[in-house]
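Subject: A structure for you to explore

Hi there,

Here is the structure I promised to pass on. Have a look around first, then read my notes below.

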Amino acid sequence: MFLAHLINEPCSDPGLYVKLKHRKDAFLFDLGDVSRLSPRQLLRLSHVFVSHTHMDHFIGFDHLLRVSLGRNGHIALFGPQGFIKNVEGKLAAYTWNLVHNYRNDFTLRVTELREDSTETRQYQCRKAFEPEPLSSSDAFESLIVDRDDLTVKAAFLDHRVPCLAFALKEKQHINIMKNALDEMGLARGKWLRDLKEAIGKGLPDETPILALTKEGDGEGGARGETIALGDLAPRIVKITPGRKISYVTDASYSEENVRRIVALAGGSDMLFIEAAFLEEDRDKAAETCHLTARQAGEIAGKAGAKIFRIFHMSPKYRGLEDLLFREALDSTRDFPGSGLYS
Ligand SMILES: [Zn+2]
């Protein structure tokens, strides 16, 4: 489970903070003005995803670095083509002659995603942030984070520069219902881990599972009983599907961009999507490679997003945000099941 919130007003710099429940860390999508986040919130960050390095999406780098210098551990940063150069440019702007005395060692792990390759470099504070190559590959890898609790995927959009959109998906939760276990006379133990693994792998219903019984009532009094997965799982297991949130910003309204957004963000429980202009200003939107509120709503509908939220509005709509919210919502009328919240 997670809690996601936009860190600024809709007409200010974009940025989505995601606190992962039951975990200590948090994720940040885009690194614009982050001054509204407390040092405590910034210190939780383990992953930061930067859509592109236009100033309103990257100016918060210095602030994050400053708050993080004294901490242990690392932050993984992801960004598009040119990202390594951008980060190294930021690091080169300061003097690091005293940092080797620091007690804590803060490290940045920077991954640059290109349409035909991927490269990761590491920068340790105590080594004056000198670049150390970590890995590189000759392919774009859309799966950029794969942990036991979640995945993050990225897709390239066109904003006259390559711009990344992201989708975070929790893995399903497989919970054992302890009462049901007791009612069936089954014991707790390692076999439940095997059961969860079999479900996680999607093994067929007839797969035999050796269940541990409380008493010796299995074959010949053994403390085990073989039950088919399809018979056992519905009785003692509760599966909660993982939620999905997507973050899409700075994209021109082209067929290819729409296709890529729908492919990445399809079925999102929450879709955060930019809506820089009203439809009446669509020429301006096209010129600056942004979406209108109507286009954002349509895309959210096509992606089947259960809830969507628009953000990154042009400052000229300050005080008029409702007009954009209304336009976005109106455009989802043909897509029952999609809803906007503000
Ligand atoms: Zn922008």
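Which residue's side chain meets that of K284 in a salt bridge? The partner is E287, with 3.7 Å from N to O. Please keep in mind that this is a predicted model. K284 and E287 both sit in helix α9 (residues 282-287), and because they are three residues apart there, about one helical turn separates them. K284 counts as partly exposed, at 39% relative accessibility, while E287 reaches 51% and counts as exposed.

The structure holds 24 salt bridges, so you can go hunting for others. E119 is a good place to look: its side chain meets R114 at 2.6 Å and R121 at 2.9 Å, N to O. E119 is buried, with a relative accessible area of 17%, and R114 is buried too. R121, at 23% relative accessibility, counts as partly exposed, because the buried class ends at 20%. You can also find a network of salt bridges that links R23, D25, R147, D148 and D149.

Now for the metal. The zinc ion is coordinated by D56, H57, D250 and H312, at 2.1 to 2.7 Å. The angles between these four donor atoms run from 82 to 165 degrees, so the arrangement is irregular. H57 lies in helix α2 (residues 55-58), whereas D250 is in the loop between β16 (244-248) and α8 (255-265), so the pair ties together parts that are 193 residues apart in sequence. Both H57 and D250 are buried.

Enjoy exploring!

Key
Residues numbered from 1 in each chain as written. Predicted model: local features only at pLDDT ≥ 70, side-chain atom pairs only at ≥ 80, totals over all residues. Heavy atoms only, no water. Donors = N, O, S within 2.8 Å, 3.2 Å for Na, K, Ca; no water. Tetrahedral: all angles 85-135°; square planar, octahedral: opposite > 155°, others 65-115°. Helix = DSSP H or I, 4+ residues; strand = E, 2+ residues; numbered from the N terminus. Buried < 20%, exposed > 50% of the residue type's maximum accessible area, 1.4 Å probe, protein only. Salt bridge = Lys/Arg side-chain N within 4 Å of Asp/Glu carboxyl O.
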